[in-house]
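Hi everyone, thanks for coming. Have a look at the model on the screen, and I'll talk you through a few parts of it.

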Amino acid sequence: MDTVEQVGQVKIIRRDSLSGILPNLQSLLELCYPKPPKDVFYRVLEQYKTGFPVYAAVRKEEEIIGFAYLCPNSKGGTLETLAVHPDFQGLRVGSKIVEEILKKHLGVIQITTRVPIFFEKLGFKQVFTLPDGSHFMICPNFEV
């Protein structure tokens with residue numbers, strides 16, 4: 001586990017597995033995704049592969065208050081499952097997680113989201129809207 005950045009009493013950490021964080025992660029995802037299908041935690045377990053970079057915002061005794069991971073590919077990757085505990089939303093926790101991912105991973109980073117305005121502020125551009133109303137976005141993220 002590497003501490004990437006400290007933001008007040010919150011640390012952004014990077015790890016290469018979900019081991020050791022699963023109970024806290026399940027609680028966070030169930031709180032952040034309360035609407036049906038309510039299975040985000042189990043989807044993460046199915047889709048995550050050990051070695052994919054995991055970023056978590058932690059405070060006090062390793063309490064996870066924010067989470068995302070990157071599913072890398074040869075041209076960049078897909079940012080998956082950004083979640084921030086409701087008590088910490090609006091404090092830039094999610095922004096810091098995304099910024100760390102963008103700092104560490106070059107290429108075209110993509111995401112599907114229902115909150116495009118949040119990601120636009122971080123450099124993502126809308127490509128199209130899916131039939132379910134979510135937005136497919138990309139962030140061309142290359143060193144200049």
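Let's begin with α3, which is mostly covered: of its 12 residues, 9 are buried. This is a predicted model, so please hear everything I say today with that in mind. Which residues of α3 are the buried ones? They are Val93, Gly94, Ser95, Lys96, Ile97, Val98, Glu100, Ile101 and Leu102. You'll notice that the list includes Lys96 and Glu100 along with the nonpolar names. The length of the helix checks out as well: at 1.5 Å a residue, the 12 residues of α3 should span 16 Å, and the end C-alpha atoms are 17 Å apart, which agrees.

Now, what is α3 packed into? The largest nonpolar core has 23 residues, and the ones with the most contacts inside it are Leu79, Ile97, Val98 and Phe124. At least two residues of this core come from each of β2 (10-15), β3 (54-59), β4 (63-73), β5 (76-84), α3 (93-104), β6 (107-113) and β8 (135-141). The largest share, 5 residues, is the contribution of α3. As general background, nonpolar side chains tend to be buried together in soluble globular proteins.

Let's stay with Phe124 for a moment. What does Phe124 touch, once neighbours within four places in sequence are left aside? Its contacts are Val98, Leu102, Ile109, Ile111, Phe119, Met137, Ile138 and Cys139. Two of those names, Val98 and Leu102, we have just met among the buried residues of α3.

Apart from that core there is another one, with 19 residues, including Ile21, Leu29, Ala56 and Tyr69.

Tyr69 takes us nicely to the aromatics. How many aromatic pairs does a search of the whole structure find? The search gives 8. Take Tyr48 and Phe52: their ring centres are 5.7 Å apart and their planes meet at 85°, so this pair is edge-to-face. Both Tyr48 and Phe52 are buried. Tyr48 also pairs with Tyr69, again edge-to-face, at 5.3 Å centre to centre and with 85° between the planes. That second pair links distant parts of the chain, since Tyr48 sits in the loop between α2 (40-47) and β3 while Tyr69 is in strand β4, 21 residues apart. As for burial, Tyr48 has a relative accessibility of 9% and counts as buried, and Tyr69 is buried too, with a relative accessible area of 1%. Put together, Tyr48, Phe52, Phe67 and Tyr69 form one aromatic cluster.

Next stop, the loop between β5 and α3. His85 is found there, and at 16% relative accessibility His85 counts as buried. Beyond its neighbours within four places in sequence, His85 is in contact with Leu28, Leu31, Cys32 and Ile65. Gln47, by contrast, is 38 residues from His85 along the chain, and their C-alpha atoms are separated by 22 Å.

Phe88 belongs to that loop between β5 and α3 as well. Is Phe88 buried or exposed? With 14% relative accessibility, Phe88 counts as buried. Not counting residues up to four places away in sequence, Phe88 touches Arg59, Ile65 and Val93. Ile65 was on the contact list of His85 too. Phe88 and Gly66 are 22 residues apart in sequence, with 8.4 Å between their C-alpha atoms.

Backbone fans, here are two residues for you. Thr81 has a positive phi of about 55° although it is not a glycine. Thr81 is in strand β5 and is buried, with a relative accessible area of 16%. Arg92 likewise has a positive phi, of about 70°, without being a glycine. Arg92 lies in the loop between β5 and α3 and, at 41% relative accessibility, counts as partly exposed.

A quick word on cysteines. The structure holds 0 disulfides. Why is Cys71 unpaired? The closest cysteine sulfur, in Cys139, is 17 Å from the sulfur of Cys71, too far for a bond. Cys71 is partly exposed at 27% relative accessible area, whereas Cys32, at 19% relative accessibility, counts as buried.

Last, the annotation. An unreviewed UniProt entry places an N-acetyltransferase domain at residues 11-142. In the model, that span is 27% helix and 38% strand, and its end C-alpha atoms lie 26 Å apart.

That's my tour, and I'm happy to go back to any part of it.

Conventions. Residues numbered from 1 in each chain as written. Predicted model: local features only at pLDDT ≥ 70, side-chain atom pairs only at ≥ 80, totals over all residues. Heavy atoms only, no water. UniProt positions renumbered as here; feature names shortened; annotations may be inferred. Helix = DSSP H or I, 4+ residues; strand = E, 2+ residues; numbered from the N terminus. Core = buried A, V, L, I, M, F, W, Y, C linked by side-chain atoms within 4.5 Å. Buried < 20%, exposed > 50% of the residue type's maximum accessible area, 1.4 Å probe, protein only. Contact = heavy atoms within 4.5 Å. Expected span 1.5 Å × (residues − 1). Disulfide = S-S within 2.5 Å. Phe/Tyr/Trp six-rings, centres within 6.5 Å; stacked < 30°, edge-to-face > 60°.
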